[in-house]
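This report walks through the packing of one protein model, from single residues to helix pairs. Have the coordinates open while reading.

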Amino acid sequence: MSNGNKSTHSPNDVFTVNKFSFSEHTTYGCGGFAEEAYFPTDAAKTAFIYDKLTSDNKKIYIIGNGSNILAADGAIHGAVISTKRLIGIKKTAQDGVFCRSGTTVTALLHFCVTHGLSGLEFLAGIPATVGGLVLMNGGADGKFIGGRVSAVKFYDGKLRTFSNNDCNFDYKYSIMRDINGIITGCCLNLDRSDSETVKDNIDFFLKKRSIQPKGKSCGCVFKNPDGLSAGKLIEDAGLKGLKLGCAQVSAQHANFIINTGDKSSDVYALIAEVKSRVFKRAKIRLEEEVVYIGDFNGADS
């Protein structure tokens, strides 16, 4: 769906910062600086900023909570559109909600408890925004948010609405990953329940996640190959606890790489080393979940 109306917004309508720090806006807690960042509060302002940056030939990086991002050290050329202020949830039907993309999982689940809506409790404890989860079809315990999405609002120069089928959801994938644009919101189909049951379910999943490794990380670094566990493959290669500079493979869960310092280059190098050793031992090439931003190999990502 497209909208031919031009935005009448100005840059003053949108909160802006210069020298955006990735170390302060990612769960890895490392990385350099982008030239500028914009924090729109609605879809129209998001479209305006996206169009402005595109017309200025700026490289655009979309960031929610930064929980699946490793940004390179030093200067990163381009501009950030952050969804952290693109927040809000409303009921669209007795068992449906519309959620802006910057809304956190915590805020969404609180809304579900208040309104007695079930079906997303498995997301409890994931430090992500709804837009990031939809983009990556994120989830836990073999369940993924794509199964609850009925429509996605998306902007890539035109305002579009993607149905669930349009999204082509698959394991840690949606079609939006292949399109330069930004998710502004989504519609979710949930189940009617009671607040106590929803809260109990959330507490159950929070308890399960509480045993995961502590420290600065992106959660699981690698996707699970078909029928296999990436963490088990890494552990079988004898890599638990492996250190490289300020980065370390968790001794608790081998698919977590913990950052103990301030060098993204160390984390990136350790990821590459893990991939190399697993391939050498098992002839399986692990694929990252983590998304790279910036210059790690001599050219901007």
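Setting aside neighbours within four places in sequence, Ile-89 contacts Val-97, Phe-98, Cys-99, Thr-103, Ala-107, Leu-108 and Phe-111. The model is a predicted one. Ile-89 sits in strand β6, which covers residues 89–93. Its relative accessible area is 23%, so Ile-89 is partly exposed. One of its partners is Cys-99: ten residues separate the two in sequence, and their C-alpha atoms are 4.5 Å apart.

## Nonpolar cores

In soluble globular proteins, nonpolar side chains tend to be buried together. Here the largest nonpolar core holds 33 residues. Those with the most contacts inside this core are Leu-120, Leu-123, Val-134, Ile-145, Val-152, Met-176 and Leu-188. Several elements each give two or more residues to the core: β7 (96–100), α2 (105–115), α3 (130–136), β11 (149–155), β13 (182–189) and α5 (195–209). Helix α2 provides the largest share, five residues.

Leu-120 shows what such a position looks like. Beyond four places in sequence, Leu-120 touches Leu-108, Leu-109, Cys-112, Ile-145, Arg-148, Leu-188 and Leu-190. A second core, separate from the largest one, has 25 residues. Its members include Leu-70, Ile-234, Ala-254 and Leu-286.

## Helices α2 and α5

Two packed helices are described by the angle between their axes and the distance between the axes. For α2 and α5, the axes come within 7 Å and cross at roughly 150°. The two helices are therefore roughly antiparallel to each other. On the α2 side, the contact uses Leu-109, Cys-112, Val-113 and Thr-114. On the α5 side, Ser-195, Val-198, Lys-199 and Ile-202 take part. By type, the residues of this contact divide into five nonpolar, two polar and one charged.

## Cysteines without bonds

How many disulfides does the structure hold? The count is zero. A disulfide needs two cysteine sulfur atoms within 2.5 Å. The sulfur of Cys-30 has its closest cysteine sulfur in Cys-246, but the separation is 6.7 Å, so the pair is too far apart for a bond. Cys-186 has its closest cysteine sulfur in Cys-99, at 5.6 Å, which is also too far for a bond. Cys-30 is buried, with a relative accessible area of 2%. Cys-186 is buried as well, at 1% relative accessibility.

## Single positions in helices and loops

Glu-289 lies in the loop between α7 (264–282) and β18 (291–293). Is this glutamate buried or exposed? Glu-289 counts as buried, because its relative accessibility is 10%. Outside the four-place window in sequence, Glu-289 touches Asn-68, Met-136, Tyr-171, Lys-172, Cys-220, Val-221, Phe-222 and Lys-223.

Gly-131 belongs to helix α3. Gly-131 is buried, at 10% relative accessibility. Beyond four places in sequence, Gly-131 touches Ser-101 and Ile-183. The C-alpha atoms of Gly-131 and Val-152 are 9.2 Å apart, with these positions 21 residues apart along the chain.

Leu-242 occupies the loop between α6 (230–236) and β15 (243–244). Not counting residues up to four places away, Leu-242 touches Ala-247, Gln-248, Val-249, Leu-270, Glu-273 and Arg-277. Ala-272 is 30 residues from Leu-242 along the chain, and their C-alpha atoms are separated by 13 Å.

## Positive phi angles

Most residues other than glycine have a negative phi, and most peptide bonds are trans. Lys-19 has a positive phi near 55° and is not a glycine. Asn-168, also not a glycine, has a positive phi of about 50°. The table sets out where these residues lie and how accessible they are.

| Residue | Phi | Location | Relative accessible area |
|---|---|---|---|
| Lys-19 | near 55° | strand β1 (residues 15–21) | 57%, exposed |
| Asn-168 | about 50° | loop between α4 (164–167) and β13 | 40%, partly exposed |

Where does Lys-19 lie? Lys-19 is found in strand β1, and Lys-19 is exposed. Asn-168 lies in a loop between α4 and β13, and Asn-168 counts as partly exposed.

Notes. Residues numbered from 1 in each chain as written. Predicted model: local features only at pLDDT ≥ 70, side-chain atom pairs only at ≥ 80, totals over all residues. Heavy atoms only, no water. Core = buried A, V, L, I, M, F, W, Y, C linked by side-chain atoms within 4.5 Å. Buried < 20%, exposed > 50% of the residue type's maximum accessible area, 1.4 Å probe, protein only. Helix = DSSP H or I, 4+ residues; strand = E, 2+ residues; numbered from the N terminus. Contact = heavy atoms within 4.5 Å. Axes fitted to C-alpha atoms, helices over the stretch in contact; angles between N-to-C directions. Parallel < 35°, antiparallel > 145°, perpendicular 65-115°, else oblique. Nonpolar A, V, L, I, M, F, W, Y, C, P; charged D, E, K, R; others polar.
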